[in-house]
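Two things on my list today: enclosed space inside the fold, and one helix pair. I'll take the cavity before the packing.

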Amino acid sequence: MKKIAVLSGDGVGPEVTTAAVSVLKALTGDIDMISADCGYECYKRTGESLPVSTLEIIDECDAVLMGGITIPTNDRSFRNPITEIERRMRLELNIRRIESIIPELSSIDIDATFIRNASDDVNVTEINDIDSVDVTRSYLYSEMDRTFIASREYAERNDSKTILFAHEGDPASEMESMSIESFHRCMVGTSISSDDVSIPELASRILTKPNTIDTVISYSPFSDVLSEMVAKLTGGTYLVPCATINRTRGLFRPLHGSNPDLAGYNATNPTASLRCAAMMLDFLGYKDEGNKLWEAIRSAYKRGFRTPDVGGGT
């Protein structure tokens, strides 16, 4: 039996997470779901954003289903539980799946998956003046290989047809050349078509030939910027699920935030959380159940069901 830790989070998190849990219970009876506490409201009550008791539950679980977290801007002692959970679970890939499921709200027709390294960051190496800094990416060569191999394996499991590696397109960058070389080496042996493209070329292709985009591997901030742009072009972040995974465990949460101003109205679009549940079912080996949920969401939108944020009534 698979175990899932359910962390509802803050703001509208409990509302959308409850909807996902209800669907999971209806689809399968052999998943054990354990509720636990984390987030800003937890921090205000207990002084901890991620209690030890929650960490102990996470350690026993195969996956975490999570709502949004409120990040206070005026309290530097608050620690983001999402970052802590990803480190605790040793997760490797951050994944966003974006699909045009509401044609009348979509500027493009696309079904694409954006992947980056979960620990992808930049390090400030030199401050030029008060308004300018130089930044350098720092990766072990073996880390590049691990990211590309794990991405390829994920794409293969999900029947991807093409994989693109999107990079800055700087011919003078040694790191860029190493990344491109690593990507092509790691794609040897797969039946999936693969190529590397510059970020501007990919952005142009998204706008002009969106249905040719399948799986995209890039790095922060480009992967996040491109995926959020595509989300806005296909109906908004309340439709987009995210996952952070390794080969055996994963954290699943909606792209949108906690939006505390909307909490309590029970009118928030739960689509992203429902699609998180579908991603999680796929990942945990419940392919049939996951496919049923993906199709049920598509069918609901085709039949005209809408929440206010995507054209429905109040």
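**Cavity, then helices**

I started with the walls of the largest cavity, where helix α5 (residues 141-157) supplies the largest share of the lining, 4 residues. I'm working from a predicted model here, so no experimental coordinates to lean on.

I asked how many cavities of 30 Å³ or more the structure holds. The search came back with 1. I then looked up the space in the largest cavity and got about 50 Å³.

Next I listed who lines the largest cavity: Glu-92 and Leu-93, then Ala-150, Glu-153, Tyr-154 and Arg-157, and finally Ile-245, Asn-246 and Arg-247. Sorted by class, I have 4 nonpolar, 4 charged and 1 polar residue in that lining.

On to the helix pair. I picked α1 (residues 13-27) and α9 (residues 271-284), and found them packed at about 40°, axes 8 Å apart. That angle makes α1 oblique to α9, because roughly parallel would need an angle under 35 degrees. I also checked the hand of the α1 and α9 crossing, and noted it as right-handed.

Which residues meet between α1 and α9? From α1 I wrote down Val-16, Thr-17, Ala-19, Ala-20, Val-23, Leu-24 and Leu-27. Facing them from α9 are Ser-273, Leu-274, Ala-277, Met-280 and Leu-281. By class, I get 10 nonpolar and 2 polar residues in the contact of α1 with α9, and no charged ones.

Notes
Residues numbered from 1 in each chain as written. Predicted model: local features only at pLDDT ≥ 70, side-chain atom pairs only at ≥ 80, totals over all residues. Heavy atoms only, no water. 1 Å grid on protein atoms, 1.4 Å probe; cavity = no way out; pocket = protein on both sides within 12 Å on 5 of 7 lines; lining within 4 Å. Points joined across faces, edges and corners; volume = space filled by probe spheres on them. Helix = DSSP H or I, 4+ residues; strand = E, 2+ residues; numbered from the N terminus. Nonpolar A, V, L, I, M, F, W, Y, C, P; charged D, E, K, R; others polar. Axes fitted to C-alpha atoms, helices over the stretch in contact; angles between N-to-C directions. Parallel < 35°, antiparallel > 145°, perpendicular 65-115°, else oblique. Left-handed = near helix turned anticlockwise from the far one by under 90°. Contact = heavy atoms within 4.5 Å.
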